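User: I'm new to reading protein models. Could you walk me through one?
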2 protein chains.
Amino acid sequence: MTDLDLMLRFMLQVLAVLGACKVIGYLGVRFLGQAQVTMEMVAGVMLGPSLFGLLAPEVQNSLFPLKNELGTGKHPSMMILYIIAQIGLVLYMFLVGAEFDLNLIKGKSKAALSISGAGILFPFVFGVIAYYTLMSGQKGLFGENVSDTSRALYLGAAMCITAFPMLARIIYEAGFTGTRLGTLALGSGATDDAAAWSILAVVLAQSKGDPKIAIFAIGGGILFVTLMLTLGKASLAKFLKGKTLDQTLFTFIILLVFAGAWFTDAIGVYAVFGAFTLGAAMPKGELTKALQAKIEPLTVGLFLPFFFVYSGLNTKLSSIQGSEMWVIALIVLIAAIAGKLGGCYLAARLSGEKHTNALGIGILMNSRGLMELIILNVGLKSGVITTQLFSIMVVMAIVTTLMAAPLFKLIKPKLILE
Amino acid sequence: MTDLDLMLRFMLQVLAVLGACKVIGYLGVRFLGQAQVTMEMVAGVMLGPSLFGLLAPEVQNSLFPLKNELGTGKHPSMMILYIIAQIGLVLYMFLVGAEFDLNLIKGKSKAALSISGAGILFPFVFGVIAYYTLMSGQKGLFGENVSDTSRALYLGAAMCITAFPMLARIIYEAGFTGTRLGTLALGSGATDDAAAWSILAVVLAQSKGDPKIAIFAIGGGILFVTLMLTLGKASLAKFLKGKTLDQTLFTFIILLVFAGAWFTDAIGVYAVFGAFTLGAAMPKGELTKALQAKIEPLTVGLFLPFFFVYSGLNTKLSSIQGSEMWVIALIVLIAAIAGKLGGCYLAARLSGEKHTNALGIGILMNSRGLMELIILNVGLKSGVITTQLFSIMVVMAIVTTLMAAPLFKLIKPKLILE
């Protein structure tokens with residue numbers, strides 16, 4: 001494996017990933033009413049073992065090798081794709097954060113809190129119920145040494161996930177980024193994900209018998225967000241006032257973004273939150289707009305597709321076996337939709353949102369996207385769940401994600417934007 | 001080595017690389033009259049085993065580990081840095097190519113050809129002479145099984161290198177990118193590098209006894225450049241006429257760039273040429289300007305510094321041993337400068353350039369930069385040269401590179417731009 005081989009393969013991967021995302025994206029947007037971003041996730045699954053790997057296993061394996069030559073671990077090429085995907089995600093979440101304006105939901109914070117509260121509570125409770133009624137007697141779904149409490153907590157957390165980056169992208173593609181509806185959904189989605197990651201930290205802490213994991217993640221996360229959105233925001237506004245965006249300032253801001261991403265990754269709440277929070281702390285104005293215009297093209301056009309493709313490459317749909325398991329998959333799917341879409345709709349209605357707007361928020365919050373795949377990968381790697389439950393949950397993630405854009409498009413003309 | 005560890009380390013590397021490049025760049029530009037880009041190369045050497053590794057070996061090794069945990073090969077982190085560096089370089093050379101306008105040297109093509117001819121001939125002959133007079137009797141400089149002809153050819157080729165990306169960056173920083181002088185230097189530099197890589201292909205073909213290596217590299221390279229600058233250029237102009245740069249077109253052009261880079265890398269003349277040629281084939285106009293504005297910020301502000309740092313990480317200055325070797329290093333240095341700076345100056349004067357302009361071209365052509373490090377790494381890896389000669393040549397590369405910007409700045413006010 002020389003550097004030249006790695007680079008040659010990487011350039012072919014760029015061609016395959018961008019080509020597939022564009023072609024499948026075009027077909028999905030044109031004929032299925034899907035969002036470009038959802039089709040990029042589907043393109044990832046198609047480039048992986050579930051389709052391309054079935055049709056031409058040798059070609060697929062030489063283009064996207066999963067195992068190294070000795071078969072002892074990951075292929076370096078996969079590690080490279082992972083980092084490229086993460087660069088795209090970090091920069092993209094900074095862009096999303098920079099669009100995020102808390103002022104737009106001032107006086108609506110009660111609504112955002114109750115929507116995100118419901119978006120956590122209902123799916124979590126449904127997940128716990130699903131565990132105790134359906135799964136606690138089943139073998140082959142969870143790791144042998146994992147306690148009932150950990151299992152139930154993990155399933156609850158996995159049901160809570162909202163595809164925060166995907167939600168952001170759908171809102172962006174619909175042109176709703178700066179609106180109150182978009183901001184409400186983004187704020188609720190971000191809170192939900194933060195909560196789900198906190199629950200995950202508790203599950204991992206419990207299963208590894210190390211409470212520090214949970215303390216760092218939750219305490220550090222709250223501290224970081226609070227500091228960044230008060231002191232950090234004020235300092236940035238003061239420092240950047242009257243400055244123009246030259247190359248040095250640009251690099252400095254990129255440095256800050258990666259420092260924030262590093263911090264949240266290090267404490268265990270995932271790099272996307274650091275990048276998003278930093279974006280949210282940026283002063284709204286000309287300089288931030290110029291910054292977005294400089295970061296966006298390569299981020300969205302070259303790097304972000306790798307994030308959507310990367311997890312698809314790791315997904316195998318063929319591991320759900322037996323009709324009983326497919327029944328469980330169906331019930332999990334229904335519980336997930338009822339909990340998230342239903343719960344958020346109810347909360348939005350009770351907060352005074354109109355029927356269609358409440359439905360729009362519920363539909364967006366219901367999409368699990370690749371954040372779900374991430375939490376599932378963590379569960380699989382740490383031995384909490386098996387490949388079978390992993391695949392059941394992947395089906396749930398894909399279905400809820402594919403639902404989002406067409407349903408949202410359907411009600412979009414009736415949404416009330418003010 | 002989990003994905004999270006890789007990502008955490010990568011984010012720290014971003015902080016270290018961008019931080020060091022900015023601080024050392026600021027000091028070098030402010031107090032030493034250096035170009036930002038040269039200082040980024042120096043920052044790379046300082047972040048590597050030559051300085052940071054001497055001061056804090058454990059910290060350096062945990063931040064930039066060279067060997068994997070078993071010590072059997074490269075650390076995955078180095079492979080990631082390599083690909084990040086290459087992405088930066090490919091996109092950057094596309095930008096340089098897009099600025100490259102053959103029309104500016106129309107009627108001056110004889111001058112460009114004689115300058116690049118001299119820039120190849122003199123250093124090459126000096127290199128061959130240096131080999132037969134100084135080195136053919138010495139042990140410990142070349143691989144045991146390499147013939148005299150191969151050794152002399154390799155040394156000649158290594159003397160011919162011009163730091164094409166570095167030259168491009170110095171011209172860019174001086175604001176000379178669109179001028180006739182800048183274009184003349186760029187054209188000569190590109191031709192020189194292409195020739196040096198062709199000679200390298202011959203050396204490798206000879207040392208491996210496989211003439212296909214040379215045929216693919218030289219024949220394929222000439223075919224590619226010719227086709228791209230005639231048919232490719234015309235097709236691009238026709239296809240892009242009247243189009244606006246939306247996200248789909250942007251991605252399509254990025255695809256083309258990586259396809260071109262892949263092709264030239266695959267035939268053995270290095271990815272930079274494909275990317276540069278594709279840039280040169282782009283129609284000059286609003287669309288290309290918009291494209292450059294979208295690609296440049298992240299390329300120059302985030303990815304390119306990794307190219308300059310990557311090779312520095314692989315450089316060890318402590319391996320030149322004994323005063324005799326330092327004498328050889330000094331003579332190689334003098335021969336390199338006399339051949340390149342002197343030869344190009346002479347050729348430019350004979351083509352009718354004024355004294356200062358000829359000197360400016362000589363100074364720019366004389367900078368070896370990291371292209372030299374690349375050809376040296378190829379020589380080292382293929383067993384043509386030893387670590388000792390590698391380090392001697394690295395000293396030559398660094399000195400000729402450090403000379404370029406201050407000397408160029410000195411004569412810059414007297415340059416005649418028309």
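Analyst: Sure! Keep in mind that this is a predicted model. Let's begin with a term: a residue is buried if 20 or more other C-beta atoms lie within 10 Å of its own.

User: Okay, which residues of α10(B) are buried?

Analyst: The buried ones are B:I213, B:A217, B:I218, B:G221, B:F224, B:V225, B:M228 and B:G232. These residues pack against α9 (180-208), α11 (247-267) and α12 (271-281) of chain B.

User: How do I read the shape of that helix?

Analyst: Compare its span with that of a straight helix. A straight one of 29 residues would span 42 Å, but α10 of chain B (residues 212-240) spans only 37 Å between its end C-alpha atoms. α10(B) also has a kink of about 40 degrees, centred on B:M228, and B:M228 is one of the buried residues of α10(B). Just after the helix, B:G242 takes a positive phi of about 80 degrees.

User: And how are chains A and B related?

Analyst: Try laying one on the other. Chain A superposes on chain B by a rotation of 180 degrees, with 0.0 Å of shift along the axis and an RMSD of 0.1 Å. That's the relation of a two-fold axis. In chain A, A:I80 comes closest to the axis, its C-alpha being 2.7 Å away.

User: How many residues does each chain give to the contact?

Analyst: It takes 39 from chain A and 39 from chain B. On the chain A side, α1(A) gives the most, with 13 residues. That side divides into 29 nonpolar, six polar and four charged residues. Also, 100% of chain A's interface residues are interface residues in chain B too, so the copies meet through the same surface.

Conventions. Residues numbered from 1 in each chain as written. Chains lettered and ligands numbered in written order. Predicted model: local features only at pLDDT ≥ 70, side-chain atom pairs only at ≥ 80, totals over all residues. Least-squares fit on C-alpha atoms with pLDDT ≥ 70 in both. Contact = placed C-beta atoms within 7 Å. Helix = DSSP H or I, 4+ residues; strand = E, 2+ residues; numbered from the N terminus. Nonpolar A, V, L, I, M, F, W, Y, C, P; charged D, E, K, R; others polar. Expected span 1.5 Å × (residues − 1). Bend = angle between axes of the 7 residues up to and from the residue. Buried ≥ 20, exposed ≤ 12 C-beta atoms within 10 Å, placed from the backbone.
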